[in-house]
Amino acid sequence: MATDRPAAPSFQEELLRRARERAAARPAARPDSADRGPAPLSRAQHRMWLMDRLGHDGASYSVPFATRLRGPLDVDALASALTELVRRHGILRTRYVERDDGEPCQEVLPAPASFAVPVVPAEPADAPALLAAEAGRRFDLSAGTVPRALVLRHGPQDHTVLLTFHHISLDGPSLEIVAEELAALYETAAHPREASAPAPGSDPAQPQAQPQAQPPQYADFARHEHRAAADGLDEGLRHWHALLEGAAPPRLPGPTHPPTDLTARPTGSHTTPLAPEVPAALRELGRRHHATPFTVALTAAFAALHRCTGQDDLVIGIAGTHRRGTAMRGLVGLCVNTLPLRVDASGDPSFSTLLTRVRAALLDAQQHADVPFDRIVDRIGAAARGADGTSLVRVTADVLGTPTTLRLPGTDAEYVEVGVGEAKFDLSFGLVDTDRPAALVQYRRAALDEAAATAFGATYAAVLTALGATTDDLPLSHLAKGDGGQLPSVLGTLQEDDAHPAERLLRCHPDLSDATVVSPAGGPLLAYAVLREIGGPSPAELRAHLRDRLAPGLVPAAVTLLDVLPRSADGTVDPAHLPGLPALPAPEGPHADAVREGFAALLGRTPAPDDDFFALGGHSLVAVQLAERLRRALTLPLTGLDIMQARTPRAVSALLDVRAAERAAASFRASTGTGQPGRTGQSAQAGQPAPRTGRARNGTVLVTGGTGGVGSFLLRELVAQGRPVLALTRPESAHLVAADGVQVIEGDLTDLDGLRKAVQDADAVIHAACTFTRPEVDVAAMDAMVDAWSRGPFVFVSSVDAYGHPEGGQVAEESPSHEPLSPYGRAKVDCEARLLRAAGTAGRGGASAVRSPLVWGPHDRLRDQLRWGATGVLYQAVREGRPLAVPRPGAGGHAWYGAAWVHAAALARAVVSCLDAPVHGVANAISGHVTWYDLGTELSQLLGVTADFKESDDIHPDLDHHWHYHSDRLARPLRPLPGEDLRSVLAAMITPPPDRQPGRT
C-alpha cells in the first residue's frame, strides 16, 4: 500500500526486502525483436505516422484506459507490473523515426529499469478533468510511445488508475491482453511468495500468476506484412477498385452555424436506452437469417442512414482485423484495417432483403481484408480523398460490449470513461450490447449538425426497437415510422433554395458575411467570399471546408476573398464585376514554375493549373516531400498540410504568392523603419540577410527564437541598447529578423552542429526558441548549446509551467516542481537543470532561467496567445456573447482563479538585464495577475459586447488556474512603462495592425 507517512527504518528495510523479492521473481530478460534492428511500419502504423506528421493527431489517437479501484492498492506492485509489461512487449517501448530515404521505420528501445506511477490526491468530482488533461497530453512518436500512468487517490482504499497508450501501439484486443497480463503481473509483484508457491496439483517449478511464455512481437508482424505486401496485392486492389468505383461518402449536413470553439466539446454523442429484450430479439432475428448480431446491427445502421439521408448508394466503414491463428495469440499491437462496405438500398427493400445485401458485402470484404485501406484509397484516386485522405469512409458502425477494466486482485473494478480529442469519423453508429442496452451515435461537431445527429440517433434506436416488435418483411419506408408517418430527412437544410450547395455552406460559415458561387461557360466553378473581419480563414482553408462536406464535382476550383461582392441595382450579384471571369489564366512566375516542376518531379507528369493533387496520384507522404522541396527552393514557409488543403497547382501557387507578399511587406517595414522601432535595412535584396563572414563582433549576443513574439521584442531591446546580435533562424524566415546590428545565421533547434557553432561564435546567449510539442528536441538542443558554451552569460527563457501544480496559491521563485507536469513543463525543468549545472564551469559565465507566464503584446504571434488555451475559452465566449461560468473565489478550496501575464517588452527588459547581472538560478518575470472575471470584463468593454458569464462553484478545466507567482529578483526591469498596463496591451492585441485593417491593401 502507498502511504503518506514518513518511512521508519524498519519500514524501509521491509520495502527493500520486498524489492529484492520482486527482482528475484522477475524472469531474466529474453531476446526480442529489438535485437533485430529497425523494422518497417505496418500499413496501419504508417497511416498513424502520417497523420502525426501532418499535425492531425492531437489527442485523437490517445487510448486512455481508466479504472476506479475500491480496495487496497499497492502502487509499488503496480509500477513493477507495468515495468515487466513494457519489457515483455517491445511495441510499448517503440519509437518511430525517418530513414534517409524519407520512409519511416520503428525501433524497439531498451526496456526501462523502472516505471513511474505518480499518485495525485484528488476528490472524485475533480477526477474527470484531471483524467482528460492527462490523457490529452500528446505523444512524441520520434521519442517513443511508452505508456503513461497516473493514480488519483480519492481515499485510503479508493483510487482511479489511468493508463494512456498511443493507438499506434495497440488496438482493442490488445487492451484486453494488457489488462489480463497486468492483473497477473500485479499479483506476482504484490505477493511474490504466494505467487511463486505452486497451486495444488500443479507443477511446483512454475509460478502460477506470472505470464511465462514470451509473447509474439509486433515488429515481427510488421516485417511479415511488409514481405507479404512485396509479393503483391494487385488482385485485391483490382477487386476493391471495381467494387468502389464511383462510390461517394454519404452526404451529411454540416452545422448551420459551425462552432468556432471546439476545445471544450469537439465530439458530440447521443445515447438512447433500449428495452432490455431488444438485444435478444436481434440475436433471434440473426439466427433466423444465419447472420451474426453484428451483421444485424450493421444492417440497422444502413437502414437508419438510408432513412435519414434518402440516399441509396451507401458506404459504411467497419473495423477489420489481421489477427488470425494461434501464432498471434497474445500479440499487442495495431492489427486493424478499415473495410468500406458499399450497399445498395434502392427499391425500398424489406429489412430481411437489406440484411442479405449487407451480409454479402461483409463476407466479400472479409475475403479481401488484407488489402490496406490507404492502398485502396490510393487506387481509387481523388474521388476517395478529402483534406485528410479519408473522405470515402465518413460513417462507421460497431457493436459495443462490456468495456475492458483493470481487475487487480483484492479490489472491485469500475470502468471510467475518459473523453479525449475529436471523433475520428463524422458519424458513428453503435449498438451497446450490455445489461443496459442502448443505441449510440457519436459525431464530430465540426462536421455534422447537432439536430441532424439527434435525428440519426432517434432513427437508429427506432429501427433497432422495431426489429424486435415487427416483422422483418416490412419495407424500410414502413419500418419505425415517426409520429407523422415518416421520420424527417436531415438533408432538408441542404435543399432550402436554388443556390449552389457550396454557396449555401459558405453563407453559413461563421467567419463569412457574404458569398457566391458562379459557373462561367467553359470555365471552372468559382467561389467568392467576404470575411466578417480581418484575420479570418484563408482561401485554402475555405476550400478544405467545402471538400469535407461536398462531392468532388461540387467543390469550386478556387475561392477568392473580396472586400464586398459587386451587386446590381436589384441587389443581385453582378458577375461582370467579379475578378477572374470568364476564365482563369494559367498562373505564371517563379512560384508557379516551381510548383509545376515539383508536381511533375514527384507525380510523374506535368499538371494542368487545376489538376487535383490526389487525382494525379499524390498521397500524404508525397505532400510532405513536395512541401519540403518548395520550401527549400523558394525559402518560403510551406507544409504538407498546405499541399493537401490547396491541392491544385493554381491554389498552391497563390498560397506561395501570399506568403511571399507577407515576407516582402515585412522586409519593407524593416528597410524603411516603419515596422518595428530600432530596425533598419540590412540588405539590398528584400528579404535576404546580408552574408555573415568571419566571427561575430565582440560582445555579440546569440538569440534563438527571434522570429517569435518574444524573440522580436528581445531583438528590439538588444538593438536599442546597441548590442551586436547574432540571430539564429530558418532561411525562409530570415527576412523577419534582418536589421541593423543583427547578423543572421541559418539554423534551427534540430541542427545541433549549427547550434554549437553559433554558441561558439557568441559572447553571450539568450535562448528563447522552443518547439512547444517536441520536448526531446528542446532538451537535445539545450545539451548541444551548453556543451559549446565556453564564455559569457547564458539566459534561458523558460516558463512557469516548470512549476507544475504547486500545492499552495503563492509560488516563490525557485519553488520545487509539483506533479503533474506537462511534457512542455518537464522539458523546461530539464533544460534549466542542464544549464544551471554547467554555469560557472570551464570558463562559462553565470546562468539565468527566466520563467514567464502568458506573454502578451502587439505582435501577430502574441495575439494568438489571447485566442488559445484558457484565455481563448474566455475570449471566444465574450466575443460571441455565449454564457460561461468562471470559478467563484473559494471554489475547490482556492481563494483566487485567474492568469499571470507579462508584457513582451517587460519580459525582454528582464531577460536582457540578466546579461549584465545573472541571477544564477531561477527568476520569474510577471507583469501582473488578473482574475478570470476581471479579464472577461475588460474584454467585453474593449469588444463592445455584453459579457454573459457568471461566477460558479463548477470549475471549467481550462480555467483551473489559481497561482500567484512572485517576481522579486527582476522587479526593477519589470516595472511597467507607459502603455504596458493590462487594458492597453489587451486593446493592442484585439485590434489588427494598421496594414491589416479593412480597406488596406
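In all these views, a helix is a DSSP run of H or I with at least four residues, a strand is a run of E with at least two, and both are numbered from the N terminus.

**View A. The whole chain, before we zoom in.**
You're looking at a predicted model, where local features need pLDDT of at least 70 and side-chain atom pairs count only at pLDDT 80 or more, while totals for chains, interfaces and linings use all residues. Residues are numbered from 1 along each chain as its sequence is written, and side-chain values use heavy atoms, with hydrogens and water left out. The chain holds 29 helices and 31 strands. Of its 1001 residues, 51% are buried (buried means under 20% relative accessible area, exposed means over 50%, and partly exposed is in between, using a 1.4 Å probe and protein chains only). The accessible surface adds up to about 42800 Å², and carbon and sulfur atoms own 52% of that (these areas come from the Shrake-Rupley method with a 1.4 Å probe, and for residues only the protein chains shown count as cover). Now take the contacts between residues at least 6 apart in sequence: 75% of them join residues at least 24 apart (a contact means heavy atoms within 4.5 Å).

**View B. Helix H3 meets helix H5.**
Two packed helices are described by the angle between their axes and the distance between the axes. Here, H3 (residues 75-88) and H5 (residues 172-190) have axes that come within 8 Å and cross at roughly 130° (each axis is a line fitted to C-alpha atoms, for helices over the stretch in contact, and angles run from 0 to 180 degrees between N-to-C directions). That angle makes H3 oblique to H5 (under 35 degrees is roughly parallel, over 145 roughly antiparallel, 65 to 115 roughly perpendicular, and the rest oblique). The crossing of H3 past H5 is right-handed (the near helix is turned clockwise from the far one by less than a right angle; anticlockwise would be left-handed). On the H3 side, look for Ala77, Leu78, Ser80, Ala81, Leu82, Glu84, Leu85 and Arg88. H5 brings Val178, Glu181, Leu182, Leu185, Tyr186, Ala189 and Ala190. Sort the residues of this H3 and H5 contact by class and you get eleven nonpolar, one polar and three charged (Ala, Val, Leu, Ile, Met, Phe, Trp, Tyr, Cys and Pro count as nonpolar, Asp, Glu, Lys and Arg as charged, and the others, Gly among them, as polar).

**View C. Helix H8 and helix H12, with Leu244 as a landmark in H8.**
The axes of H8 (residues 234-244) and H12 (residues 373-380) come within 9 Å, crossing at roughly 60°. H8 and H12 are therefore oblique to each other, and H8 goes past H12 in a right-handed crossing. Leu237, Arg238, Trp240, His241 and Leu244 of H8 touch Arg375, Ile376, Arg379 and Ile380 of H12. Between H8 and H12, the contact residues split into five nonpolar, one polar and three charged. Zoom in on Leu244: it's buried, with a relative accessible area of just 1%. Skip its neighbours within four places in sequence, and Leu244 is in contact with Pro340, Arg342, Ile376, Ile380 and Leu392. Its C-alpha atom is 9.6 Å from that of Val377, although the two residues are 133 apart along the chain.

**View D. Helix H27 crosses helix H29.**
H27 (residues 932-943) and H29 (residues 982-990) have axes that come within 10 Å and cross at roughly 50°. H27 and H29 are therefore oblique to each other, in a right-handed crossing. H27 makes the contact with Leu935, Glu938, Leu939, Gln941, Leu942 and Leu943, and H29 with Leu982, Arg983, Leu986, Ala987 and Ile990. The contact of H27 with H29 has eight nonpolar residues, one polar and two charged.

**View E. Three loop residues to look up: Pro820, Thr635 and His920.**
Pro820 sits in the loop between strand S23 (810-811) and helix H23 (823-838). The peptide bond leading from Glu819 to Pro820 is cis, with omega near 0°. Thr635, in the loop between helix H17 (620-634) and helix H18 (640-646), isn't a glycine yet has a positive phi, near 50°. Thr635 is partly exposed, at 23% relative accessible area. His920, in the loop between helix H26 (904-916) and strand S28 (921-924), also has a positive phi, near 55°. At 59% relative accessibility, His920 counts as exposed.
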